Amino acid sequence: MSSTSDAPHLPQRSTRRGPLIAIVAVAIVVVIAVVVAIIVNIAKPADAAGASRSAGTPTTVSIGVSDASQPYWQVYSALAKKKLGVTVKLVNFSDYSQPNPALAQKQTDLNSFQHVEFLAVYNVTNHQDLQPIGATVTVPLPLYSLRYSSVSALPANAKIAIPNDQVNQARGLLVLQSAGLVTLRDGGTAFSTINDVVSKKVEISTVDAAQTAGALQSGSVDAAIINNNFATAAKLPTGDRIAKDDPSSSAARNYVNFFAARKADAKNPLYLKLAALYHDPSVEKAVQEADGGVAVFSDATAAQLQAQLKKTEADARAAGVGK
């Protein structure tokens, strides 16, 4: 047997590991830098919307309306592009039941078509919390007739169409009462219905608000309560109005129109600027030209509108709305 001194020897390991360690360290640093760069680049589109806007990336804000064809929206949209760098996407809805659900479901960013009472009823009925963020106008609700030039000229049992939605129906009935055509139980309220009519000189039918102008123009009724945007779209002359409510009365606080947003966006700086833009002189002029000068521009603040909304929601619940 050989002695241990005769056993083969393994090559002696080198103790010079410095260069290898340095190379590995550099490689690790490079890999980490690449990974960090990738993560940052991926994150940018998701969390740098503000930076993208400031860098010139177009910003689009969708606004639900019921009168997108009106020229003043083109004036407004051009101004939003020029002053705020915002592309306004107008989303038109054919009837009043559509814009609020679309806003609540994030199909639009804002809407502008309604007044305080309408939103109060929607919020209470649907357990929502949409909020007004900027006033636009108060528009009188008129009674139109193509056959008769005054309320006194209407024959007994004249046929009159009014909107069938809860809010505009109540307001329309109050217009008819102020004109002496009906009497409402207990003097009527902002939540009166056709069932609250205790006496009348005319026959009343309820139809979709979007159909009131058509009913009048077809001759199927002698007169009709018609919301301003539908009257404008139907090109009804203001001279055909034979009665209306008073936009300067205390009751008119419920009928101030505005831009609405989801509650989480009620203080969004860009949305507030877009709401304020409606009162640029060029937009107000275009609005007045479109509606024949009947609109009364409102300077109610967002806080005032929200306080009125809260009160009206309480009144709606007391009236049994949503039950």
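About 290 Å³ of space lies in the second largest pocket of this structure, which is a predicted model. Sixteen residues would be a lot to take in at once, so start at the middle: of the 16 that line this pocket, Tyr96, Ser97, Phe118, Asp165 and Gln166 sit closest to its centre. Two helices, H5 (116-126) and H6, each give at least two residues to the lining. H5 has the largest share of it, with 5 residues. Sorted by class, the lining comes out as 7 nonpolar, 6 polar and 3 charged residues.

Now for the largest pocket. Its volume is about 360 Å³. It has 22 lining residues, and the ones closest to its centre are Ser250, Ala251, Ala252, Asn254 and Tyr255. The elements that contribute two or more residues here are H6 and helix H11 (302-318). H6 provides the largest share, 4 residues. By class, this lining holds 8 nonpolar, 6 polar and 8 charged residues.

There is also a closed space to look at. How many cavities of 30 Å³ or more does a search of the whole structure find? The search turns up 1. The largest cavity takes up about 490 Å³. It is lined by 30 residues, and those nearest its centre are Phe113, Val139, Asn228, Asn229 and Asn257. Quite a few elements supply at least two residues each to this lining, including helix H3 (71-84), strand E4 (131-138), helix H8 (228-233) and strand E12 (256-261). H6 (166-178) and helix H10 (281-291) are also among them. Strand E3 (110-115) gives the largest share, 4 residues. The class count for this lining is 15 nonpolar, 12 polar and 3 charged residues.

Here are the three spaces together:

| Space | Volume | Lining by class |
|---|---|---|
| Largest cavity | about 490 Å³ | 15 nonpolar, 12 polar, 3 charged residues |
| Largest pocket | about 360 Å³ | 8 nonpolar, 6 polar, 8 charged residues |
| Second largest pocket | about 290 Å³ | 7 nonpolar, 6 polar, 3 charged residues |

H11, already met at the largest pocket, is worth following along its length. The helix has 17 residues and reaches 24 Å from its first C-alpha to its last, close to the 24 Å expected at 1.5 Å a residue. Which residues of H11 are buried? They are Leu305, Gln308, Leu309, Thr312, Glu313 and Ala316. These residues lie on the same side of H11 because they cover an arc of only 145 degrees around the axis. On the face turned away from that buried side you'll find the exposed residues Ala303, Lys310 and Ala318.

What do the buried residues of H11 pack against? Their partners are H5, E4 and E12. Some of these names have come up before: H5 supplies part of the lining of the second largest pocket, while E4 and E12 help line the largest cavity. After H11 comes Gly320, which has a positive phi, near 85 degrees.

Finally, a step back to the whole chain. It has 11 helices and 13 strands. Of its 323 residues, 44% count as buried. Contacts also reach across the sequence: among those between residues at least 6 apart, 74% join residues at least 24 apart.

Key. Residues are numbered from 1 along each chain as its sequence is written. This is a predicted model: local features need pLDDT of at least 70, side-chain atom pairs count only at pLDDT 80 or more; totals for chains, interfaces and linings use all residues. Side-chain values use heavy atoms; hydrogens and water are left out. On a 1 Å grid over the protein atoms alone, a cavity is a set of points where a 1.4 Å probe fits but cannot get out, and a pocket is an open set with protein on both sides within 12 Å along at least five of seven lines; lining residues have an atom within 4 Å of a point. Grid points are joined across faces, edges and corners, and a volume is the space filled by probe spheres set on the points. Ala, Val, Leu, Ile, Met, Phe, Trp, Tyr, Cys and Pro count as nonpolar, Asp, Glu, Lys and Arg as charged, and the others, Gly among them, as polar. The expected span of a helix is 1.5 Å times one less than its number of residues. Buried means under 20% relative accessible area, exposed over 50%, partly exposed in between (1.4 Å probe, protein chains only). The arc is that of the directions from the helix axis to the C-beta atoms. Contact means heavy atoms within 4.5 Å.
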